[in-house]
Amino acid sequence: MSGDRRASLRVAALYAGGFLGPFGGGVVASMLPEIGGDLGVTPGTASSSLTAYLLPFAAVMLVSGTLGARWGRVRTVRWAYALYAVSSLACALAPTLGLLLGARAFQGVANSFTTPLLLAALAAVTPRERLGRVLGTFGACQAAGQTTAPLVGGLSAELDWRLAFVILAVVSVALGAAGLPGAVDADDADDASEQGAPAGRLRDALTLPVLRVATVAFLGWGALGGLSFLVAFRGEDTFGLTAAQRGLLLTVFGVAGILTARRAGGLIDRWGARRTIVLAAPLGAAAVLVAGTVDLLLVVALVWAAAGVASQMILVGVNTAVLGSSGANRGGAVSVVQSFRFFGAAAAPLALTPLYTVHPHVAFVVPALLLAVAAPLLVLRGTVR
């Protein structure tokens, strides 16, 4: 295989890794009854397999980018894919729910290393004037993984739910074998030499500008993608939708994100991350407000698709802001930002479900206001270009 072809294959593997992470997290969502029936528990109890993946995923990601920069991104990603493959096979073979949950936790830990390090790897091989578009493509792959996971999981469950985890293991082995572009680890050294410090220092990732951007990611995902459960509630309570119809309604968010993420990245390349986020936050807030208060199903579907577009503009924007900066430990910085993003998704049900029981509209108005006001203020006060 020629050097150019091998390099192209490795770049393609970066995008495929972006697809794998959200896909592995959400693949169980549509096969919980089958998992529960096989392991002798209720579907509700089987749903803990989602939490078992997401909590260690978000928690370890606070430091995974920094550790990867310290250990070497290429080596770390290979080991992370190996752990993902082994834990996926453990999921496929798990005879009890406890063992399944343990294996899912290791999947989450493994993915906490691959996601930020793949983003950092893309930044290392991409000119900064094209970074937004490239990260937009990565965002589209993540949205595709999240959107297709329930469908593929459901199809697998028609045969055997364990088959989905065997497929995940095979794919992760292939991605680990593909490796990363050769310039990736050199980028860690360049970042460190520019700052006169060793690579992989956590203090360089936990700076005030990074934490501001991370908080925008927390709000941007928690108040947009994290509200899918509320949209599903409204679909049943207000419009009487069946489970399949609610799933179709939620899918428009991801499809819109897939179709527009690369263009959102191009917009960021032209306008800069700051302007794009300041534009997208109130647009996303308006979409959330309409989705939660208007009693016309077609309107709710359209604005929920618009929310998917706004979420990509914000998420690609925050990733571009930290990866396009000149600060040390950019891999650790994007790791912190991604961790805050998923903590936002985890916090949304805990914070907003009680508000929904008080009044459904309130549960949408509060995150809309936070997104419209707090996110632009954080960006404007920070150093995002």
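**Salt bridges and helix 14 in a predicted model**

The structure, a predicted model, holds two salt bridges.

Biologist: With which residue does R162 form a salt bridge?
Modeller: R162 belongs to helix 8 (residues 162-178), and its partner sits in helix 2 (residues 32-39), 124 residues apart. The closest N and O atoms of the pair are 3.0 Å apart, within the 4 Å limit for a salt bridge. The partner of R162 is D38.

Biologist: Is R162 buried or exposed?
Modeller: Its partner D38 has a relative accessible area of 42% and is partly exposed. R162 has 17% relative accessibility, and the cut-off for buried is under 20%. R162 therefore counts as buried.

Biologist: Which parts of the chain does the salt bridge of R234 and D295 tie together?
Modeller: The two side chains meet at 2.6 Å, N to O. R234 is buried, with a relative accessible area of 4%, whereas D295 is exposed at 52%. The pair ties together parts 61 residues apart in sequence, because R234 and D295 lie in helix 12 (residues 228-237) and the loop between helix 14 and helix 15 (297-323).

Biologist: Where around the axis of helix 14 do its buried residues lie?
Modeller: Helix 14 (residues 273-293) has 21 residues and reaches 30 Å from its first C-alpha to its last. Its buried residues include A273, I277, A280, G284, V288 and A291. The buried residues cover an arc of only 165° around the axis, so they lie on the same side of helix 14.

Biologist: Which residues are exposed on the other side of helix 14?
Modeller: Exposed means over 50% relative accessible area. On the side of helix 14 away from the buried residues, those exposed are R275 and L283.

Notes. Residues are numbered from 1 along each chain as its sequence is written. This is a predicted model: local features need pLDDT of at least 70, side-chain atom pairs count only at pLDDT 80 or more; totals for chains, interfaces and linings use all residues. Side-chain values use heavy atoms; hydrogens and water are left out. Helices (H or I, at least four residues) and strands (E, at least two) are DSSP runs, numbered from the N terminus. The expected span of a helix is 1.5 Å times one less than its number of residues. Buried means under 20% relative accessible area, exposed over 50%, partly exposed in between (1.4 Å probe, protein chains only). The arc is that of the directions from the helix axis to the C-beta atoms.
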